[in-house]
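Open the model in your viewer and keep the sequence beside it. The stops below say what to select next and what is there.

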Amino acid sequence: MFRVSRTSGRPAILAIVYNDGGVASPFIADLGYRLRDSGAAVAGIVPYRSATPLDGKCSIEVEELASRFVLQLADEAGTHPFGCRVDPEAISEAAALISASLHKTPSVVIFNKFGKLEVAGGGLRETITEAIALGVPTIVGVPRRHLACWREFTQGIGEEAQVGSPRLYQWLAAHKIMIACDEEADDDYRSAAVRAAG
């Protein structure tokens, strides 16, 4: 089991489970930015909300929410069989930024994806473990194809919600994490907040 040092009891872990990364990525980015705009102390990485579109299918930018650093995680790989090459230095920098933010006791941390690197034991897997061990409420985007590996990694103690599900707002409210709601989510969040308080 994870050893939790900041809080007692069951770690607060929520997987946002999805089939379509094209839908999940903007949803997770919007979640992170709305939390930060609401004044929540949020850490972690989400797809960067850029004013100008990037060139190339491998131009993957993420922002670490607490430090506001923007990182380029992948680039064109030329002859690489998968078409894109993840930059290991950028992954290491992202991990260091998140780790530093975690020690400032954020209210919540977001990881945009539990992907093939994390499944293989690399990527941001150790940083996710660190967040959970510190007792920071942790939200992670999990592709459905990696869900079995995620459940094994979290030892069955995580909760799950689909993209756009009211369950997300119930989870946030239960952990007293405030978010600026859009009109569609507002009623779900307020109802969840009332239930959590009562």
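With the whole chain selected, the accessible surface comes to about 10200 Å², of which 51% belongs to carbon and sulfur atoms. Accessible areas come from the Shrake-Rupley method with a 1.4 Å probe, and for residues only the protein chains shown count as cover. This is a predicted model, in which local features need pLDDT of at least 70 and side-chain atom pairs count only at pLDDT 80 or more, while totals for chains, interfaces and linings use all residues. Residues are numbered from 1 along each chain as its sequence is written, and side-chain values use heavy atoms, with hydrogens and water left out.

Switch to a cartoon view. The chain has seven helices and eight strands; these are DSSP runs numbered from the N terminus, with helices being H or I of at least four residues and strands E of at least two. Of its 198 residues, 44% count as buried (under 20% relative accessible area with a 1.4 Å probe and protein chains only; exposed is over 50%, and partly exposed lies in between). Among contacts (heavy atoms within 4.5 Å) with a separation of 6 or more, 62% are between residues 24 or more positions apart.

**Stop 1: the largest core**

Select V109, F111, L124, I128 and W150. These have the most contacts inside the largest nonpolar core, which has 30 residues. A nonpolar core is a set of buried Ala, Val, Leu, Ile, Met, Phe, Trp, Tyr and Cys residues joined through side-chain atoms within 4.5 Å. Which element gives the most to this core? Helix α2 does, with seven residues.

Now pick F111. Leaving aside neighbours within four places in sequence, F111 is in contact with ten positions to click through, including I45, I98, L124, I128 and V140. A second, separate core of 23 residues includes I16, I139, W171 and I177.

**Stop 2: helix α4**

Select T127, I128, A131 and I132, the buried residues of α4. Looking down the axis of α4, you find these buried residues within an arc of 140 degrees, so they line one face of the helix. The arc is that of the directions from the helix axis to the C-beta atoms. The cover over the buried residues of α4 includes β1, α2, β6, α3, β7 and α5.

Step to G135, just after α4: G135 has a positive phi of about 80 degrees. Then go to S99 in helix α2. Is S99 buried or exposed? S99 counts as buried, because its relative accessibility is 19%. Apart from neighbours within four places in sequence, S99 is in contact with T127 and E130.

**Stop 3: the aromatic rings**

A search of the whole structure finds three aromatic pairs. Rings of Phe, Tyr and Trp (its six-membered ring) pair if their centres lie within 6.5 Å; planes under 30 degrees apart count as stacked, over 60 as edge-to-face and the rest as tilted.

Select F114 and W150. This pair is edge-to-face, at 5.1 Å centre to centre and 70 degrees between the planes. F114 sits in the loop between β6 (108-111) and α3 (116-119) and W150 in helix α5 (residues 147-153), so the pair ties together parts that are 36 residues apart in sequence. Both F114 and W150 are buried.

Add F153. The rings of W150 and F153 have centres 5.7 Å apart and planes at 50 degrees, so this pair is tilted. W150 and F153 are three residues apart in α5, separated by about one helical turn. F153 is buried, as is W150. With F114, W150 and F153 selected together, you are looking at one aromatic cluster.
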